[in-house]
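Here are a few exercises to work through with the model open in your viewer. Try each task before you read its solution.

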Amino acid sequence: MSNLQYDANQLGYNADVIVIGAGLSGLYATRRLIQEGANVLLLEARERVGGRLATSTFNGEIYDIGAHWISTEAQLLRSLLTELSVPLYQQYHAGTSALTIGKRTRQFKQRLPRISPFILLDVHRIHRKLNALVHKLQATNHNFTKILEQTDRLSFGAWLHQECRHATTIHVFEILCKITFFAQPDELSLFYVVDQVNSHNGAANLFSMRPTMNKERVAGGTQRIAELLARQIKQHVITDTPVLAIRQDQESVIAYSRGSSYRARYAILAIPPAVTEQIYFEPTLPAQRDALHQRVVMGRAICATLCFDYPFWRENGKSGIIISHQGPATLVHDVSPAHSTEGALACLISGSDAAHWGAQPKSERLRALVNQLQPWFGDEITAYRGLIERDWSTERWTRGATGFMPNGSASYIQSLALPIGRLHFAGGETATKWTNTMEGALTAGERAAAEVISELMSGGYLRKMMASD
Ligand SMILES: Cc1cc2nc3c(=O)[nH]c(=O)nc-3n(C[C@H](O)[C@H](O)[C@H](O)COP(=O)(O)OP(=O)(O)OC[C@H]3O[C@@H](n4cnc5c(N)ncnc54)[C@H](O)[C@@H]3O)c2cc1C
């Protein structure tokens, strides 16, 4: 007997489609479905839309505390921003930056950190080997399963230890893994990393030695993108409504929140797989799929932004950028508001550092951060006027930064996006291109919306719109 009570006599549907999660992916899927003439409800757990597009304010200025960079390759996102008239500005990187590995801090002004040419060559060699693995997997037919299992059995960390000629190269990739995956190399499946190399059009894109170069930021913060999208479809969005249980049968899907239920023909779950685990499903999800969702581990990230009266480091010829193997922050960069005199430095505490420092009192975390930054920026760093912090692992409706796959399960990654009955899946983690970026979230939303549109059309619930419609 069903544990989920609902009025069996209740005829009719609240909507054609229920979309769960008003992050970028869910918002975009909803808008797409509405454009095709579907009746859609978008249910969001938080009181705000945007999910990992999040901002916070200090002294009237808005700062990103989640996603913040837009790369040149993000075509869908860029055309959406043009349509929404959202201005972008270039990430500040003029001046001297610092790269700390071991006890040594190397200054660099050039586009690449000034490290030994032997290390740079070794990094490029690893890039080439990763690209070659992508081609090998793509080109192999008869040996595919064997190669796939071999690469999924090995962690990226273990592979780096086999392949790198210098210990420093391993440290460089430890830094890059923390920036890209919010995780340590030992936690990642080699197959997963190879899959992500493919998803990001090559190793040099995924593991950029210049993580802040050629990147743009959204004036007013990235959450604005979600707010503008939500404004277009506002009568379809219901916030503060966490979906706690989902029941599906031959005809419908019912989503249960606190004291309310919504019935539709189809549902799109636009939430991280780890968060899907918080929902009670009836019937239960197929065991293999459930196991897969459990294996999408969320990376850990604390975004800490220090706010100052002005960006004093610029006057000292510094870019504000620190890339560090020592921590607590792996990456520090200048996030001073574009049209204001205020200065701000965003510090990304990531991977094992986020796990460690997230468990410490805020005062100790702050002290450790200031101690890290003081030798480079000088005593003025202690004159910060405010601190904005977000530990993504403590966010109930996100449970971490972005999802990655450990060895042993990554070869099932493509199954993450497969529909289960009337349930379809979106979200940045399910994207096959630009996975775990804003661009990926959009493409996944578009793909899931197309799946449901096709179902609605073949069921005769949605007719193809005529030119005159
Ligand atoms: C610290 C950090 C830095 C990043 N930096 C960048 C960057 O610079 N550039 C870039 O492109 N990407 C970046 N990303 C990744 C990017 O933010 C994500 O890929 C993208 O925002 C994911 O969007 P989404 O819609 O798939 O998921 P989310 O944004 O997580 O949206 C899911 C939504 O579902 C809601 N939800 C969850 N459970 C339920 C439920 N049961 N019922 C109802 N609603 C629910 C959540 O509240 C949330 O609003 C970063 C991410 C983080 C965390």
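**Around the ligand**

Task 1. Which helices and strands each supply at least two residues of the shell around the ligand?

Solution. α1 (24-35), β15 (301-308) and α15 (438-458) each do so. Helices (H or I, at least four residues) and strands (E, at least two) are DSSP runs, numbered from the N terminus. A word on the ground rules: this is a predicted model, where local features need pLDDT of at least 70, side-chain atom pairs count only at pLDDT 80 or more, and totals for chains, interfaces and linings use all residues. Residues are numbered from 1 along each chain as its sequence is written.

Next, look at the shell itself: 39 residues surround the ligand, and G21, G23, G51, A67 and G428 come nearest. A residue is near the ligand if its C-beta atom, placed from the backbone, lies within 6 Å of it.

Then sort the shell by class, which gives 22 nonpolar, 14 polar and 3 charged residues. Here Ala, Val, Leu, Ile, Met, Phe, Trp, Tyr, Cys and Pro count as nonpolar, Asp, Glu, Lys and Arg as charged, and the others, Gly among them, as polar.

Finally, bring in the domains, whose bounds come from an automatic or database domain assignment. Domain 1 (15-51 + 222-297 + 403-458) and domain 2 (55-61 + 91-96 + 300-394) each give the shell at least three residues.

**Two helix crossings**

Task 2. How are α2 and α15 oriented to each other?

Solution. Start with the axes, which are lines fitted to C-alpha atoms over the stretch in contact, with angles from 0 to 180 degrees between N-to-C directions. Those of α2 (residues 75-83) and α15 come within 8 Å and cross at roughly 90 degrees. α2 is therefore roughly perpendicular to α15, a label for angles of 65 to 115 degrees; under 35 is roughly parallel, over 145 roughly antiparallel, and the rest oblique.

Now find the contact, defined by C-beta atoms, placed from the backbone, within 7 Å. L76, L77 and L80 of α2 meet M438, E439, L442 and T443 of α15. By class, this contact has 5 nonpolar, 1 polar and 1 charged residues.

Task 3. At roughly what angle do the axes of α3 and α6 cross?

Solution. The axes of α3 (residues 117-139) and α6 (residues 167-181) come within 9 Å and cross at roughly 60 degrees. These helices are therefore oblique to each other. I119, D122, V123 and I126 of α3 make the contact with T168, T169, V172 and F173 of α6.

Note on methods: Contact = placed C-beta atoms within 7 Å.
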